[in-house]
Amino acid sequence: MGPGPGPGVNGPGPTPEQQKCLQEFTSYRTEVEKRAKAAEAESHKKPTREKMCELITGYATAEFKWMKFIEANMSKCGIPPQVAEQIKTVHVRTAETKKKLCAPGPAQATGPATPSLSDALGASLQPDEDQEKKKRKVGGTMDTLTGPVLTR
């Protein structure tokens, strides 16, 4: 029996720097996968648009960080350029999805607000203090706590 396959058989194993790169690469990928699973799980529950926007934004942020790590460390970590291109392509699609999902919908449109019934009629729900003061006169023989009895 000969030696089994392992790091020392076909040449030197990964350097400590490459091992560190692999750990960081894996942690970024794990974060992206975790956020993708969370968004997928939530999508089965028929969430609000705002909730899905929040989840896809978190996913896009994690994916962007992963992509930037790969771009910055391709040669140092020995990451093939195809991997970087593949992740960029996926991130472009993610950004497009986020833009569509997080865009204001009909209920969120930022146009002029629809006037309420009191606005349309020119009425206010709150009494005007100046008008109230003009209606009643303070003082007099026939006043009670709530105003003159004879004017009711």
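1. Let me start with how α1 passes α2: in this predicted model, the crossing of these two helices is left-handed. Helix α1 covers residues 16-43 and helix α2 covers residues 49-77, and their axes come within 9 Å of each other, crossing at roughly 160 degrees. Angles over 145 degrees count as roughly antiparallel, and α1 and α2 are therefore roughly antiparallel to each other. Sorted by class, the residues in the contact of α1 with α2 are 15 nonpolar, 3 polar and 10 charged.

2. You may like to look next at the loop between α1 and α2, where lysine 46 is found. Its phi is near 55 degrees, which is a positive value in a residue other than glycine. As background, most residues other than glycine have a negative phi. Is lysine 46 buried or exposed? With a relative accessibility of 76%, lysine 46 counts as exposed, since the exposed class begins over 50%.

3. Now for the partner on the other end of α2. Helix α3 spans residues 81-102, and α2 and α3 pack at an angle of about 160 degrees with their axes 9 Å apart. The pair α2 and α3 is therefore also described as roughly antiparallel, and α2 passes α3 in a left-handed crossing. By class, the contact of α2 with α3 has 17 nonpolar residues, together with 3 polar and 6 charged ones.

4. Two aromatic residues of α2 are handy places to click. Tryptophan 66 sits in helix α2 and, at 11% relative accessibility, counts as buried, because the buried class lies under 20%. The C-alpha atom of tryptophan 66 is 8.9 Å from that of glutamate 31, although 35 residues separate the two along the chain. Phenylalanine 64 also has its place in helix α2, but phenylalanine 64 is partly exposed, with a relative accessible area of 39%. Between phenylalanine 64 and histidine 91 the C-alpha separation is 7.0 Å, with their positions 27 residues apart in the sequence.

5. Histidine 91 brings us to α3 itself. How many residues does α3 have, and how far does α3 reach? Helix α3 has 22 residues and reaches 31 Å from its first C-alpha to its last, close to the 32 Å expected at 1.5 Å a residue. The buried residues of α3 are Ala84, Ile87, His91 and Thr94. Viewed down the axis of α3, these buried residues fall within an arc of 85 degrees, so they line one face of the helix. The general background is simple: an α-helix has 3.6 residues a turn, so residues three or four places apart point the same way. On the other side of α3, the exposed residues are Gln82, Gln86, Lys99 and Lys100.

6. One more residue of α3 deserves a glance: valine 83 is found in this helix. Which accessibility class does valine 83 fall into? Valine 83 is partly exposed, with a relative accessible area of 23%; the buried class would need a value under 20%. Valine 83 and glutamate 71 are 12 residues apart in sequence, and their C-alpha atoms are 9.8 Å apart in space.

7. Finally, here is the wider setting for these helices. The protein chain has 5 helices and 2 strands. From the N terminus on, its elements run α-α-α-α-α-β-β, which puts the helices ahead of the strands in the order of the chain. How much of the chain is buried? Of the 152 residues in the protein chain, buried residues make up 18%. Among those buried residues are tryptophan 66 in α2 and the set on α3 that includes Ala84 and Thr94.

Notes. Residues numbered from 1 in each chain as written. Predicted model: local features only at pLDDT ≥ 70, side-chain atom pairs only at ≥ 80, totals over all residues. Heavy atoms only, no water. Axes fitted to C-alpha atoms, helices over the stretch in contact; angles between N-to-C directions. Helix = DSSP H or I, 4+ residues; strand = E, 2+ residues; numbered from the N terminus. Parallel < 35°, antiparallel > 145°, perpendicular 65-115°, else oblique. Left-handed = near helix turned anticlockwise from the far one by under 90°. Nonpolar A, V, L, I, M, F, W, Y, C, P; charged D, E, K, R; others polar. Buried < 20%, exposed > 50% of the residue type's maximum accessible area, 1.4 Å probe, protein only. Expected span 1.5 Å × (residues − 1). Arc of directions from axis to C-beta.
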